[in-house]
Amino acid sequence: MVATTSEPLPQTASQTAGPFVHIGLLPAAAGLPRRGAEAAPPDLIVGEGLRIRVGGRMFDGAGEVVRDAVLELWQADATGRYVQPGEPRRADGFQGFARTATGFDDGCWWFDTLKPGPVQLPGGEHMAPHLTLWIMARGLNVGLHTRVYFGDETTANAADPVLQRIDPPARRETLITRVDTSATQVMHHFDIRLQGTAETVFFDV
């Protein structure tokens, strides 16, 4: 039986993520035996759409690369639709989710995926195509949430309701990729800075 009380309960104590969070979530990235569902490199290219690679490096407040962080990606498909709980399994296998870790040698991370489409809000307004990232690393009490917008979506970015709420406007640039179209697969460069003057914008969600 669970005891009940009318008195407010104290908050459960928290602590920062330890140095082994990446091992627990992505053992193969740490050189341990791969789990069945763990892909390397992360690849969301299933279904129709523009194939892209999104990646960069992660830096701490001192400008040093972060070599053992974990990143989760959540995204809509090329038509702007998310995989929703309770929906039938999609025939094309699209999940809209992947997980990766920064590299031990250089702090680099990447995802191979399909470029998402604009997502329609309940009122009919559209958000610009974007990816959502959740980041966990040693020293963080809670995971960090941010977004990745695309540098080749200038018009859509200018109208995006989330980007437009970021003040000062110059900080919006920390959420927009640099685009390289010289390769067969379009590359979107996106460095993440956890602290400092060019700190990436993170959202309180």
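Okay, let me start with a pair of charged residues: aspartate 77 forms a salt bridge with arginine 90, and their closest N and O atoms are 2.7 Å apart. Both ends sit in the loop between S2 and S3, with 13 residues separating them. Before I go on, keep in mind that this is a predicted model.

So, buried or exposed, aspartate 77 and arginine 90? Both are buried. For aspartate 77 the relative accessibility is 5%, which is under the 20% cut-off, so that residue counts as buried. Aspartate 77 also has a salt bridge to the side chain of arginine 81, at 3.5 Å from N to O. Arginine 81 counts as partly exposed, because its relative accessibility is 43%. Put the shared partners together and you get one network of salt bridges, made of Asp77, Arg81, Arg90 and Asp92. As a reminder of the background, side chains of opposite charge can pair when their charged atoms come close. Across the whole structure, the search finds 8 salt bridges.

Another of those salt bridges takes us to lysine 115. Its side chain meets that of glutamate 153, 2.9 Å from N to O. This pair also links distant parts of the chain: glutamate 153 is in the loop between S8 and helix H2 (154–159), lysine 115 is in the loop between S4 and S5, and they are 38 residues apart. Lysine 115 counts as buried because its relative accessibility is 10%. The lysine 115 side chain makes a polar contact with the side chain of aspartate 152 as well, at 2.9 Å. And who else is around? Setting aside neighbours within four places in sequence, lysine 115 is in contact with Leu50, Ile52, Asp77, Ala78, Phe150, Asp152 and Glu153. Notice Asp77 in that list, the residue we began with.

Now the sheet. We have an open sheet of 4 strands, in the order S3-S2-S7-S8, and the pairing is antiparallel. Strand S3 (97–101) and strand S8 (144–149) are the edges, each pairing on one side only. Neighbouring strands are turned by 25° against each other on average, ignoring direction.

Going inward, strand S2 (residues 70–75) and strand S7 (residues 130–136) are joined by 6 bridges. Leucine 71 has isoleucine 135 as its bridge partner in S7, and glutamine 75 has leucine 131. On to the next pair: S7 and S8 are also antiparallel, over 6 bridges, with leucine 131 standing opposite valine 148 in S8.

Over at the S3 edge, have a look at alanine 98, which is in that strand. Alanine 98 counts as buried, because its relative accessibility is 9%. Its C-alpha is 5.8 Å from that of glutamate 72, although the two are 26 residues apart in sequence.

Back to S7, then. How many of its 7 residues are buried? The count is 5, so the strand is mostly covered. That brings me to the largest nonpolar core, which has 23 residues. Val54, Met58, Leu71, Trp109, Phe111, Leu133 and Ile192 have the most contacts inside it. Strand S1 (51–59), S2, strand S4 (108–114), S7 and S8 each supply at least two residues, and S7 gives the most, with 4. Apart from this core lies another, of 6 residues, including Tyr149, Leu163, Ile166 and Val201. In general, nonpolar side chains in soluble globular proteins tend to be buried together.

That's what I had, thanks.

Terms used: Residues are numbered from 1 along each chain as its sequence is written. This is a predicted model: local features need pLDDT of at least 70, side-chain atom pairs count only at pLDDT 80 or more; totals for chains, interfaces and linings use all residues. Side-chain values use heavy atoms; hydrogens and water are left out. Two strands pair if DSSP finds at least two bridges between them. Axes are lines fitted to C-alpha atoms, for helices over the stretch in contact, and angles run from 0 to 180 degrees between N-to-C directions. Buried means under 20% relative accessible area, exposed over 50%, partly exposed in between (1.4 Å probe, protein chains only). A nonpolar core is a set of buried Ala, Val, Leu, Ile, Met, Phe, Trp, Tyr and Cys residues joined through side-chain atoms within 4.5 Å. A polar contact is a pair of N or O atoms within 3.5 Å; within protein, one must be able to donate a hydrogen and the other to accept it, and residues adjacent in sequence count only if both atoms are side-chain atoms. Contact means heavy atoms within 4.5 Å. A salt bridge is a side-chain nitrogen of Lys or Arg within 4 Å of a carboxyl oxygen of Asp or Glu.
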